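Reader: I am new to this structure and would like to learn how to read it one feature at a time. Could we put the sequence and the model in front of us before we start?

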Amino acid sequence: MSMITLDTIAHTRLENQHLLHPQLLSPQDLVTWLLAVQAQDYLAAKWALGQRLLHATEKEIERAFNEGSILRTHIMRPTWHFVAPQDIRWLLALTSARVHAANAAMYRKLELSDPLLSRCHTVLSQALMAGRHLTRAQLGQCLNESGIVC
């Protein structure tokens, strides 16, 4: 049996993260492969995707984001991550309890009660039905029109 060395571990990680020999062509395929990509700094996150893709351009990555084939959301903690649309529901189910527990003090400070959050969810879900895309300002307007001050 051969011993696993630190060099072997490092090389394997670089291969699995598509940093040594990129093979994937689309941002969606890469994000699906990696599951979640830390994306707090949007420009750096796009660069991180680009360096892991074969022949990627910023325009292609931006298009994938704008078309919704990759999503940027708070999935694992209160920082941004890129995830694939097909993974978002099960990831939210997996991580939401911990994220909400970590945010509990802020929810109290901002007076965000469970009933209020439920109302917000209903308003935002209705506003985004049928794949409708709205800006943050437009979503705020929807909340305000429903009597929820933001």
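**Reading the helices, bridges and rings**

Author: Let us begin with helix α7, which spans residues 136-145 and whose buried residues are L139, G140, C142 and L143. Buried means under 20% relative accessible area, exposed over 50%, and partly exposed in between, with a 1.4 Å probe and protein chains only. These buried residues cover an arc of only 155° around the axis, which puts them on the same side of α7; the arc is that of the directions from the helix axis to the C-beta atoms. Helices (H or I, at least four residues) and strands (E, at least two) are DSSP runs, numbered from the N terminus. This is a predicted model, in which local features need pLDDT of at least 70 and side-chain atom pairs count only at pLDDT 80 or more, while totals for chains, interfaces and linings use all residues. Residues are numbered from 1 along each chain as its sequence is written, and side-chain values use heavy atoms, with hydrogens and water left out.

Reader: Which exposed residues are carried by the face of α7 turned away from its buried side, and what do the buried residues pack against?

Author: The face turned away from the buried side carries the exposed residues A137 and E145. The buried residues of α7, for their part, pack against α6, residues 114-127, where contact means heavy atoms within 4.5 Å. Just after α7, G147 takes a positive phi of about 85°.

Reader: Which residues other than glycine have a positive phi, and where is the place of each?

Author: H18 is one of them, with a positive phi of about 60° although it is not a glycine, and its place is in the loop between α1 (6-16) and α2 (27-34). Phi of E111 is near 60°, again a positive value in a residue other than glycine, and E111 belongs to the loop between α5 (88-109) and α6. As to burial, H18 counts as buried at 8% relative accessibility, whereas E111 counts as exposed at 65%.

Reader: How should I read a salt bridge, and how many does a search of the whole structure find?

Author: A salt bridge is a side-chain nitrogen of Lys or Arg within 4 Å of a carboxyl oxygen of Asp or Glu, and a search of the whole structure finds two. In one of them the side chains of E58 and K46 meet at 2.8 Å, N to O; this pair links distant parts of the chain, with E58 in helix α4 (residues 58-67) and K46 in helix α3 (residues 42-50), 12 residues apart. The side chains of E62 and K46 also meet in a salt bridge, at 2.7 Å, N to O. Since E62 lies in helix α4 and K46 in helix α3, that pair ties together parts that are 16 residues apart in sequence. Salt bridges that share partners thus join K46, E58 and E62 into one network. Within this network K46 is buried, with a relative accessible area of 7%, while E62 is partly exposed, with 24%.

Reader: What is a nonpolar core, and which residues have the most contacts inside the largest one?

Author: In soluble globular proteins, nonpolar side chains tend to be buried together. A nonpolar core is a set of buried Ala, Val, Leu, Ile, Met, Phe, Trp, Tyr and Cys residues joined through side-chain atoms within 4.5 Å. The largest here has 14 residues, and those with the most contacts inside it are L30, V31, V37, L49, L53, I70 and F82. The elements that give two or more residues to this core are α2, α3 and α4, and the largest share, three residues, comes from α3. A second, separate core of eight residues includes A127, L139, C142 and I148.

Reader: How many aromatic pairs does the structure hold, and how are they read?

Author: Rings of Phe, Tyr and Trp (its six-membered ring) pair if their centres lie within 6.5 Å; planes under 30 degrees apart count as stacked, over 60 as edge-to-face and the rest as tilted. The structure holds three such pairs. Y42 and F65 form a tilted one, with 5.3 Å centre to centre and 55° between the planes. The rings of Y42 and F82 have their centres 6.2 Å apart and their planes at 65°, so this pair is edge-to-face. Y42, F65 and F82 form one aromatic cluster.
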